[in-house]
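Here are some questions and answers to work through with the model open beside you. Try each question before you read on.

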2 protein chains.
Amino acid sequence: MRKIKIGIVGYGNLGKSVELGIRQNKDMELVGIFTRRDPTSIITVTEGAVVYHIDDAKKMTDQIDVMILCGGSASDIPEQGPLFASMFNTVDAYDNHAKIADYFNEINKIAKESEKVCVISSGWDPGMFSINRLYAEAILPEGSTYTFWGKGISQGHSDAIRRVEGVQDAKQYTIPIESAIESVKKGEMPEFTTREKHRRECFVVAKEGADKARIKQEIISMPNYFADYDTEVHFVSEQELQEKHSGLPHGGLVIRSGKTGLQEENSHTIEYKLSLKSNPDFTANVIIAYARAAYRLNQEGISGAKTVVDIAPAYLSSKTEEEIRRSII
Amino acid sequence: MRKIKIGIVGYGNLGKSVELGIRQNKDMELVGIFTRRDPTSIITVTEGAVVYHIDDAKKMTDQIDVMILCGGSASDIPEQGPLFASMFNTVDAYDNHAKIADYFNEINKIAKESEKVCVISSGWDPGMFSINRLYAEAILPEGSTYTFWGKGISQGHSDAIRRVEGVQDAKQYTIPIESAIESVKKGEMPEFTTREKHRRECFVVAKEGADKARIKQEIISMPNYFADYDTEVHFVSEQELQEKHSGLPHGGLVIRSGKTGLQEENSHTIEYKLSLKSNPDFTANVIIAYARAAYRLNQEGISGAKTVVDIAPAYLSSKTEEEIRRSII
């Protein structure tokens, strides 16, 4: 069997998780990791992985079937997405929800010209949660959809705390409010304020001699990040933060409740729930499945940008159509 | 807007639920209900629904975009599926898992010739559960998938009890065993016997003077249906059966747990859970969404049989691609 040849662009948490995830897929092989850093400075997680400078990628268009873009959505992907779409099939996890539609249009134009398939915004939200919001809404047109995140570490919120003066390190947990979830499950179709859906819990290491009362006040009153939530701040030692809060767990729930029947007398709920020990590992595994889809779609002569809802589920599976019908349907 | 013109073939529980469900979809209209019975004998659930004899369908190929086949999988669909595939885009809920692959091949050949799109085995299992088994397996290649059904009424098992001598009426609940679900959620990847995953609870109305001990013994020892399960039998009055067990609730859970990481140290679970007040209403709503997909695919010049995993999620939504990217992704 000819294996699907994968390249990884960017070698942070997500890139490392993709490197590990590829090993679980027998129909794929890792050709190389592409970095802006000096390739000789990189120690890879797995033995034998080859590291190239990102500028070398353009010479390897005939050696790689799909480039997996593992950079950040703030500045890396807006630059790398268009560049790599002009040369390779790509998959990314672009998660700036407000700009996805515009990003799609930009990538679509480039990918049509280069005759490649570029899957944007895969992962779990956007990604699997998007798919589940769409299916649930299509099946229960009369209803309400809710997305809850957590319990899990939010990197963006942790970073925001670290920018507060006097903070040495911090981790922030986003926690869904159980009573809100229960209300949705009962089919009550409640309307929530931001504060009623999630709360935030922060574990903060203060610098020697820093004013903890001021740090706490700055955190809980921070606009966008914390002001609209009930936020708890716990000061802990560097050691405790390392021991108890060094993982990257996450997860969440998409839930829709809706009504059917002559008088809308029948309630239904559809729930999709993720419990993830490692956010980057799971995100990587979703992206890898979409790399398979991107390769296959392109093999069929298709080109352009795709989101996860534009791709039939069967393209993600390593099984043949016949095997799927016999063992999964 | 031109509405999608729907026909319903077969007017039992599912047909009635489709009739109701279409009203929730503004882009569709019901053209007619097709029955083997005398059309004048049918009283429809909604006012103004038109009933035709099933033999009249062949004269109406230019008036109907998609025929929704609501007959039973035992004898109706194997006959009506091929017949209607030769004339119309169709959707069915064929649920004989062991024969789906062969049924697909038969319908595919006919639909390719008639240049129609025929979606087979939609609903929730097969259907939404199939999709979720596929996605979960593709995302977590190293793991185990479990399907639990219930708590809900199984029509097949209720019918089986009614065939026992001395039974006047009966309802059977399939109930998942909570401790089994908990074990799966913990990522223990257990292996279960049939008895360890579900139990069965039967509410039976005995005929006047019937031997209840014998009836109970016949039920709990019935091969395939009950012998492999822990089964409780409760004898109740006709009135109690009507009052407490006349609904058709159902639901269930697809859950996969899997591992990632350098040493497979990270556990993840993906759960898809349905809680349904009315099994036929929910099944109908899934089928209706796939009718939209069948129509659109055929408009794009596509033909042949499709299962739910062969169809991109976006085809189910009444929203435009742009609306989906702006509001759902």
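Two strands pair if DSSP finds at least two bridges between them. Keep that in mind for the sheet questions. The model is predicted.

Q: Which residue of β12(A) stands opposite Tyr146(A)?
A: Start with the strands. β7(A) and β12(A), residues 250–260 of chain A, are joined by seven bridges and run antiparallel. Opposite Tyr146(A), in β12(A), stands Ile255(A).

Q: How confident is the predictor, and what is the mean pLDDT of chain A?
A: For the complex, the predictor gives an ipTM of 0.97 and a pTM of 0.97. In chain A, 100% of the residues reach a pLDDT of 70 or more. The mean pLDDT of chain A is 97.

Q: What kind of axis relates chain A to chain B?
A: Two copies of a chain are related by a rotation about an axis and a shift along it. Here a turn of 180 degrees and a shift of 0.0 Å along the axis lay chain A on chain B, with an RMSD of 0.0 Å. That relation is a two-fold axis.

Q: In chain A, which residue has the C-alpha nearest the axis?
A: Stay with the turn of 180 degrees that lays chain A on chain B. The C-alpha nearest the axis in chain A lies 1.8 Å from it, and it belongs to Ala312(A). The same surface serves both copies, as the contact residues of chain A recur in chain B at a rate of 100%.

Q: Which strands stand at the edges of the open sheet of six strands?
A: The order is β7(A)-β12(A)-β13(A)-β13(B)-β12(B)-β7(B), with antiparallel pairing. An edge strand here has a single partner, so one side of it is left without a neighbour in the sheet. The strands at the edges are β7 of chain A and β7 of chain B.

Q: What is the average twist of this sheet from one strand to the next?
A: The sheet is open and has six strands. From one strand to the next, the twist averages 5 degrees.

Q: At about what angle to β13(A) does helix α10 of chain B run?
A: Two helices can be followed across strands here. Helix α4 of chain A, residues 128–139, lies across β7, β12 and β13 of chain A together with β13 of chain B, and runs at about 5 degrees to β12(A). Helix α10 of chain B, residues 279–299, lies across β12 and β13 of both chain A and chain B. Its angle to β13(A) is about 70 degrees.

Q: Is Ser154(A) buried or exposed?
A: Ser154(A) sits in the loop between β8 and α5 of chain A. Its side chain makes a polar contact of 2.8 Å with that of His157(A). Farther along the sequence, Ser154(A) touches Gln172(A), Thr174(A) and His250(A). Its relative accessible area is 14%, and under 20% counts as buried, so Ser154(A) is buried.

Q: Which side chain forms a polar contact of 2.6 Å with that of Thr46(B)?
A: Thr46(B) lies in the loop between β2 and β3 of chain B. At 13% relative accessibility, Thr46(B) is buried. Beyond four places in sequence, Thr46(B) is in contact with Glu19(B), Leu20(B) and Arg23(B). The polar contact of 2.6 Å is with the side chain of Glu19(B).

Q: Which strand runs parallel to β10(B)?
A: Eight of the nine residues of β10(B) are buried. β9(B) and β10(B) pair antiparallel over nine bridges, and Thr174(B) stands opposite Arg200(B). Five bridges join β10(B) to its parallel partner, β11(B).

Key:
Residues are numbered from 1 along each chain as its sequence is written. Chains are lettered from A and ligands numbered from 1 in the order in which they are written. This is a predicted model: local features need pLDDT of at least 70, side-chain atom pairs count only at pLDDT 80 or more; totals for chains, interfaces and linings use all residues. Side-chain values use heavy atoms; hydrogens and water are left out. Copies are superposed by least squares on the C-alpha atoms of residues with pLDDT of at least 70 in both. Contact means heavy atoms within 4.5 Å. Helices (H or I, at least four residues) and strands (E, at least two) are DSSP runs, numbered from the N terminus. Axes are lines fitted to C-alpha atoms, for helices over the stretch in contact, and angles run from 0 to 180 degrees between N-to-C directions. Buried means under 20% relative accessible area, exposed over 50%, partly exposed in between (1.4 Å probe, protein chains only). A polar contact is a pair of N or O atoms within 3.5 Å; within protein, one must be able to donate a hydrogen and the other to accept it, and residues adjacent in sequence count only if both atoms are side-chain atoms. pLDDT is the predictor's confidence in each residue, from 0 to 100.
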